Amino acid sequence: MFKNYFTQQEEKLLLSTVRQYTSDIYAERDYWWMVLARHTAVRVCVLSGLTVGDAQSAIARERLVIRPEINKRNKRQDLFCKKIIMDALKNLLRIHKQLAGHGFDNLTFEQRPLIISRNKQGMSIRSFQHRMNLWCKKAGIAGSPHWWRHTWAKRQVEASDDVSRTLMKVQLWLGHDDPKTTAIYTRPDKQEMDTFGRYTV
């Protein structure tokens, strides 16, 4: 059974929980990187490696270029930026400007990490995991940053009338080398098994 994703109810609960605290700039930062992760399905290493220049270029071109050096499989990917992705990038840029101040003297503005921590450094993978764990506990659910990637893929498969073709598209978007890796999203999931258990005779 496939468990490591957010159901629609869990996703809504988690994001609404974070949104309750967005008067705090770090909570607002977390909200927008979660939205970015949910709608791009990028890995945490990509979130950690994105720069201000990457975001600016994505907004100008409506394409988010994942540079090979920040991608786990050392591949370049070009992802189309729909409106929600553009909104997330614009808000993360705004938040970056508020948080950065006069830090990063050794970097140009474009070279700065997009998502930064309280100590004005790029957020590490561990920091993303820590913040996600904090918010999941507040919402009373399980989850990790990587679950956003799985959630994106599950939604694509669930909404499809042609699963085999959709899986090919999902494989390309996620950058999987082996179609067997992408096939996990066709497994029975926790929602299906809960419903199955309720109504089987």
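**Why the labels fit**

Visitor: Why is D177 called exposed?
Guide: D177 has a relative accessible area of 52%. The cut-off for exposed is over 50%, so D177 counts as exposed. Keep in mind that this is a predicted model.

Visitor: What makes D177 and K75 a salt bridge?
Guide: The N to O distance between their side chains is 2.3 Å. A salt bridge needs a side-chain nitrogen of Lys or Arg within 4 Å of a carboxyl oxygen of Asp or Glu, so D177 and K75 fit.

Visitor: How do you know that this pair links distant parts of the chain?
Guide: Look at where they sit: D177 is in the loop between helix 8 (163-174) and helix 9 (179-182), and K75 is in the loop between strand 1 (63-66) and strand 2 (77-80). The two are 102 residues apart.

Visitor: And why is K75 called partly exposed?
Guide: Partly exposed runs between the 20% and 50% cut-offs. K75 has a relative accessible area of 31%, so partly exposed is the label for K75.

Visitor: What about R67 and E69, how do you know that they form a salt bridge?
Guide: Their closest N and O atoms are 3.0 Å apart, and the limit is 4 Å. As for exposure, R67 is partly exposed at 21%, whereas E69 is exposed at 56%.

Visitor: What makes D78 and R76 count as a salt bridge, too?
Guide: Here the N to O distance is 2.9 Å, and the limit is again 4 Å. D78 has 37% relative accessibility, so D78 counts as partly exposed. R76, with 52%, counts as exposed.

Visitor: How many salt bridges does the structure hold?
Guide: There are 10. Some join up: E11, R38 and R155 are linked in a network of salt bridges.

Visitor: Let's turn to helices. Why is helix 4 called oblique to helix 5?
Guide: Helix 4 (residues 52-61) and helix 5 (residues 83-100) pack at about 140°, with axes 10 Å apart. Roughly antiparallel needs over 145 degrees, and roughly perpendicular stops at 115. The angle falls in neither range, so the pair is oblique. The crossing is left-handed.

Visitor: Which residues make that contact?
Guide: Helix 4 brings V52, A55, Q56, A58 and I59, and helix 5 brings M86, L89, K90, L93 and H96. Seven of the contact residues are nonpolar, two are polar and one is charged.

Visitor: Why is helix 2 called roughly antiparallel to helix 5?
Guide: Helix 2 (residues 25-40) packs against helix 5 at about 150°, with axes 9 Å apart. The angle is over the 145 cut-off, so roughly antiparallel applies. Helix 2 also passes helix 5 in a left-handed crossing.

Visitor: Which residues does this contact include, and how do they divide by class?
Guide: Among them are W32, W33 and L36 of helix 2, with L89, L92 and I95 of helix 5. By class there are 13 nonpolar, four polar and four charged residues.

Visitor: Last one: why is T17 called buried?
Guide: Buried means under 20%. T17 has a relative accessible area of 8%, so T17 is buried. The residue lies in helix 1 (residues 8-19). Leaving aside residues up to four places away in sequence, T17 touches W135, K138 and A139.

Methods: Residues numbered from 1 in each chain as written. Predicted model: local features only at pLDDT ≥ 70, side-chain atom pairs only at ≥ 80, totals over all residues. Heavy atoms only, no water. Axes fitted to C-alpha atoms, helices over the stretch in contact; angles between N-to-C directions. Helix = DSSP H or I, 4+ residues; strand = E, 2+ residues; numbered from the N terminus. Parallel < 35°, antiparallel > 145°, perpendicular 65-115°, else oblique. Left-handed = near helix turned anticlockwise from the far one by under 90°. Contact = heavy atoms within 4.5 Å. Nonpolar A, V, L, I, M, F, W, Y, C, P; charged D, E, K, R; others polar. Buried < 20%, exposed > 50% of the residue type's maximum accessible area, 1.4 Å probe, protein only.
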